[in-house]
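Dear colleague,

I am passing on the structure below, together with notes on what I found in it. Please read them beside the coordinates.

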Amino acid sequence: QTTPTTPTTPTRPQRPPLTPTISSPARKKGVKDFEFGRLLGEGSYSTVVAARDRVTQREYAIKILDKKHIIKEKKVKYVNIEKNTLNKMTHPGIVRLYYTFQDKDSLYFVLDHAKNGELLNFIKKLSSFDLRCTQFYAAQILSAIEYMHNQGVIHRDLKPENLLLDEKMHIKVTDFGTAKILEQNSDGKEDDRANSFVGTAEYVSPELLKEKAACKSSDFWALGCIVYQLIAGRPPFKGPNEYITFQKIVGLEYTFPEGFPAVARDLVEKLLVIDPSKRLGAGGQAGVDRLKNHKFFDDIKWDTLWQQPAPKLL
Ligand code: ADE
């Protein structure tokens, strides 16, 4: 008896097996998928470079972090915070994280490329903004803060270097490496406060200096400093060194230059309040709504804010 054999079709020349390839959406991206361009920024732990997807031609900003340096300087936690916070946020006013990957030496974060760079450069170039531009940019920054706070994220280092401008001259908040993720505690409440990080001297809140505690309200203090700076051309608290700057902050030592619009002065005075719970914007969504309803924002249409053309800076 013969064992049955699989019937064979008449042979035809076989192609050599191809190297398996997975088409773009499923495959993890890597360095080879991008063409790297000019340097966009340099921090103490990272370098940001313009890059283009070789297939789609889409432009990105890639943040490159040196693994050895991060481990040596004990910044692993902050790199994870940046990745985790960015991964949970999708908002027109916040830089989006598209891909992350690594090679032997580096970590790569593929981000939105904000074509017009830092808000700080526009403040320097123009000296200051008019009231209308200040209202628009303050509204966009506030809208982004409202979103991140609702996602349980406190930025803790808002300043004109971390506020980028895209091709539409709209705000994109970046640098979540020093952010804090609020955890839900057993009561279902967000566990606010805690942590010892101190941001950039001029924008640091008094509660961070005195109690080493940041809360959502600390981002509203920074907003007050930024609104002041957009109009005055310089931050409200600035000493010859950090120590003097900190003394001015905790002592609420600042003055308004002549010609500072009254409506902006009223807003700044309600944001630069020492007690974080008494600051305009504090107290959850009701507080944020009160801030958005301040007369400084009377001309702002909140529901179409991200569809509107930016006012011309002059
Ligand atoms: N500089 C730092 N990050 C940037 C980004 N995402 N886009 C443009 N410039 C940057």
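**Notes on the model**

K180 lies in strand β9, which covers residues 180–181. Please keep in mind throughout that this is a predicted model. K180 counts as buried because 22 other C-beta atoms lie within 10 Å, and its C-alpha atom is separated by 9.3 Å from that of E82, although the two residues are 98 apart along the chain.

As for the chain as a whole, the secondary structure comes to nine helices and nine strands, and 35% of the 314 residues count as buried. Of the contacts with a separation of 6 or more, 64% are between residues that are 24 or more positions apart.

**Strands β3, β4 and β5**

Strand β5 (residues 106–112) has two partners that I would like to describe together. With strand β4 (residues 97–102) β5 runs antiparallel, the two being joined by five bridges, and the hairpin between β4 and β5 passes through three residues. Within this pair, T100 stands opposite F109, while L97 stands opposite L111. With β3 the arrangement is again antiparallel, this time through seven bridges, and D66 has S106 of β5 as its bridge partner.

Strand β3 (residues 59–66) also holds K63, the position at which an unreviewed UniProt entry places the feature "binding site". Is K63 buried or exposed? K63 is buried, since 28 other C-beta atoms lie within 10 Å, where 20 or more are needed to count as such. Leaving out residues up to four places away in sequence, K63 touches S46 and V48, as well as F109 and L111; F109 is the residue that T100 faces, and L111 the one that L97 faces.

**Around the ligand**

Which residues surround the ligand? They are L40, G41, V48, A61, V95, L111, D112, H113, A114, G117, L164 and T174. The elements that give two or more residues to this shell are β1 (34–42) and β5. By class, the shell has seven nonpolar residues, four polar ones and one charged one. For anyone looking at the UniProt position, V48 and L111 belong to the shell and are also among the residues that K63 touches.

**The nonpolar core**

The largest nonpolar core has 70 residues, of which I62, Y137, I141, L223, I226, V227 and L271 touch the most other members. Helix α6 (residues 216–232) gives the most to this core, with 11 residues. If neighbours within four places in sequence are set aside, L223 is in contact with A138, I141, L142, I145, L158 and L271; of these, I141 and L271 are themselves among the core residues that touch the most other members.

If you would like to begin with one place, I would suggest K63, given that the UniProt record places its "binding site" feature there.

With best wishes

Methods. Residues are numbered from 1 along each chain as its sequence is written. This is a predicted model: local features need pLDDT of at least 70, side-chain atom pairs count only at pLDDT 80 or more; totals for chains, interfaces and linings use all residues. Helices (H or I, at least four residues) and strands (E, at least two) are DSSP runs, numbered from the N terminus. A residue is buried if 20 or more other C-beta atoms lie within 10 Å of its own, exposed if 12 or fewer, and partly exposed in between; C-beta atoms are placed from the backbone. Two residues are in contact if their C-beta atoms, placed from the backbone, lie within 7 Å. Two strands pair if DSSP finds at least two bridges between them. A residue is near a molecule or strand if its C-beta atom, placed from the backbone, lies within 6 Å of it. Ala, Val, Leu, Ile, Met, Phe, Trp, Tyr, Cys and Pro count as nonpolar, Asp, Glu, Lys and Arg as charged, and the others, Gly among them, as polar. UniProt positions are given in the numbering used here, feature names are shortened, and annotations may be inferred rather than shown by experiment. A nonpolar core is a set of buried Ala, Val, Leu, Ile, Met, Phe, Trp, Tyr and Cys residues joined through C-beta atoms within 7 Å.
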